[in-house]
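Q: I'm new to reading protein structures with more than one chain. Could you walk me through this one, a feature at a time?

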There are 2 protein chains.
Amino acid sequence: MRIPILKLHDYLLISVQVELDDQTALQFQEDVLEKIHEEGSRGVVIDLTSVDMIDSFIAKVLGDVVDMSNLMGARVVLTGIQPAVAITLIDMGIVLDDVPTALDLEQGLDRLQLELED
Amino acid sequence: MRIPILKLHDYLLISVQVELDDQTALQFQEDVLEKIHEEGSRGVVIDLTSVDMIDSFIAKVLGDVVDMSNLMGARVVLTGIQPAVAITLIDMGIVLDDVPTALDLEQGLDRLQLELED
């Protein structure tokens with residue numbers, strides 16, 4: 001099962017609305033990087049509003065997607081991290097270092113715009 | 001399995017990237033109408049770029065989504081209909097009456113903007 005990736009002008013919009021198991025997360029990582037390459041995207045918004053739980057493996061994969069995308073020249077913003085997810089991440093000592101975040105998809109796009117203007 | 005629906009400002013963006021079986025299509029219909037109601041969306045873009053095949057039942061469900069959304073006060077644009085799908089629809093004599101279409105997501109959003117300005 002794959003997570004749909006929408007292309008909108010220079011950006012990719014991704015709303016994760018399935019439970020992220022390890023296999024789905026790794027497939028997702030590959031698909032995002034492939035799509036950035038294919039479309040020449042400058043920015044990516046990954047919306048996690050519908051994600052209730054993140055474990056350390058998924059957190060690492062997400063962090064890696066951000067780093068890998070940056071290497072390829074695209075900025076990534078994570079949006080809509082739920083309170084319970086934020087609590088779990090901090091409790092488990094997982095730090096999403098230098099990962100730009102925003103409240104929702106709209107604010108994520110605004111944030112991306114700002115990041116790309118720097 | 002549900003098709004993810006993204007909310008962006010006044011619009012809903014939907015990229016159908018799974019095979020539409022009957023059950024998925026009906027669930028999709030319900031989810032779109034529910035989400036329009038919930039978010040107060042004025043327009044919806046349904047992108048079919050990744051859909052290779054549409055049968056008469058799916059075509060009817062999609063046509064119904066458009067009519068139902070219009071009743072609720074939201075305009076719908078279908079985008080990215082593949083050549084093979086267009087051929088099948090016309091060959092089968094299925095007419096998506098008065099359904100606005102566009103080439104891709106970007107042009108769908110532009111079309112929506114125009115429709116809503118009328």
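A: Sure! Let's start with a contact you can click on: A:Lys7 forms a salt bridge with B:Glu106, and the closest N and O atoms are 2.8 Å apart. A:Lys7 sits in strand β1 of chain A and B:Glu106 in helix α4 of chain B, so this pair joins two chains. One thing to keep in mind is that you're looking at a predicted model.

Q: How do I judge that a pair like this is a salt bridge?

A: Look for a side-chain nitrogen of Lys or Arg within 4 Å of a carboxyl oxygen of Asp or Glu. Now try B:Lys7 and A:Glu106: their side chains meet in a salt bridge too, at 2.8 Å from N to O.

Q: How many salt bridges are there between chain B and chain A, and how many over all chains?

A: Between chain B and chain A the count is two. Over all chains, the structure holds 14.

Q: What else can I check where the chains touch?

A: Start with residues: 13 of chain B are in contact with 13 of chain A. Then look at area. About 1300 Å² is buried between chain B and chain A, and carbon and sulfur atoms give 69% of that. For polar contacts, the count between the two chains is six residue pairs, with both residues at pLDDT 80 or more.

Q: Which elements of chain B give two or more residues to the side that touches chain A?

A: Those are β1 (6-8), β2 (11-15) and α4 (105-117) of chain B. Sorted by class, that side of chain B has eight nonpolar, three polar and two charged residues.

Q: How do I read the way two copies are arranged?

A: Here's the general idea: two copies of a chain are related by a rotation about an axis and a shift along it. In this case, a turn of 180° and a shift of 0.0 Å along the axis lay chain B on chain A with an RMSD of 0.0 Å. That is the relation of a two-fold axis. To find the axis by eye, go to B:Pro4, the residue of chain B that comes closest to it, at 3.9 Å (C-alpha).

Q: Why can we say the copies meet through the same surface?

A: Because 100% of the interface residues of chain B are also interface residues in chain A.

Q: What about the backbone? Which residue should I look at?

A: Try A:His9, in the loop between β1 (6-8) and β2 (11-15) of chain A. Its phi is positive, about 50°, although A:His9 is not a glycine. Then hop over to B:His9, in the loop between β1 and β2 of chain B. B:His9 has a positive phi near 50° as well.

Q: And what does a database record add?

A: An unreviewed UniProt entry carries the annotation "domain: STAS" for residues 1-112 of chain A. Over that stretch the chain is 46% helix and 18% strand, with the end C-alpha atoms 28 Å apart.

Key. Residues are numbered from 1 along each chain as its sequence is written. Chains are lettered from A and ligands numbered from 1 in the order in which they are written. This is a predicted model: local features need pLDDT of at least 70, side-chain atom pairs count only at pLDDT 80 or more; totals for chains, interfaces and linings use all residues. Side-chain values use heavy atoms; hydrogens and water are left out. Contact means heavy atoms within 4.5 Å. Buried area is the accessible area (1.4 Å probe) that two parts lose on being put together, summed over both. A polar contact is a pair of N or O atoms within 3.5 Å; within protein, one must be able to donate a hydrogen and the other to accept it, and residues adjacent in sequence count only if both atoms are side-chain atoms. Helices (H or I, at least four residues) and strands (E, at least two) are DSSP runs, numbered from the N terminus. Ala, Val, Leu, Ile, Met, Phe, Trp, Tyr, Cys and Pro count as nonpolar, Asp, Glu, Lys and Arg as charged, and the others, Gly among them, as polar. UniProt positions are given in the numbering used here, feature names are shortened, and annotations may be inferred rather than shown by experiment. Copies are superposed by least squares on the C-alpha atoms of residues with pLDDT of at least 70 in both.
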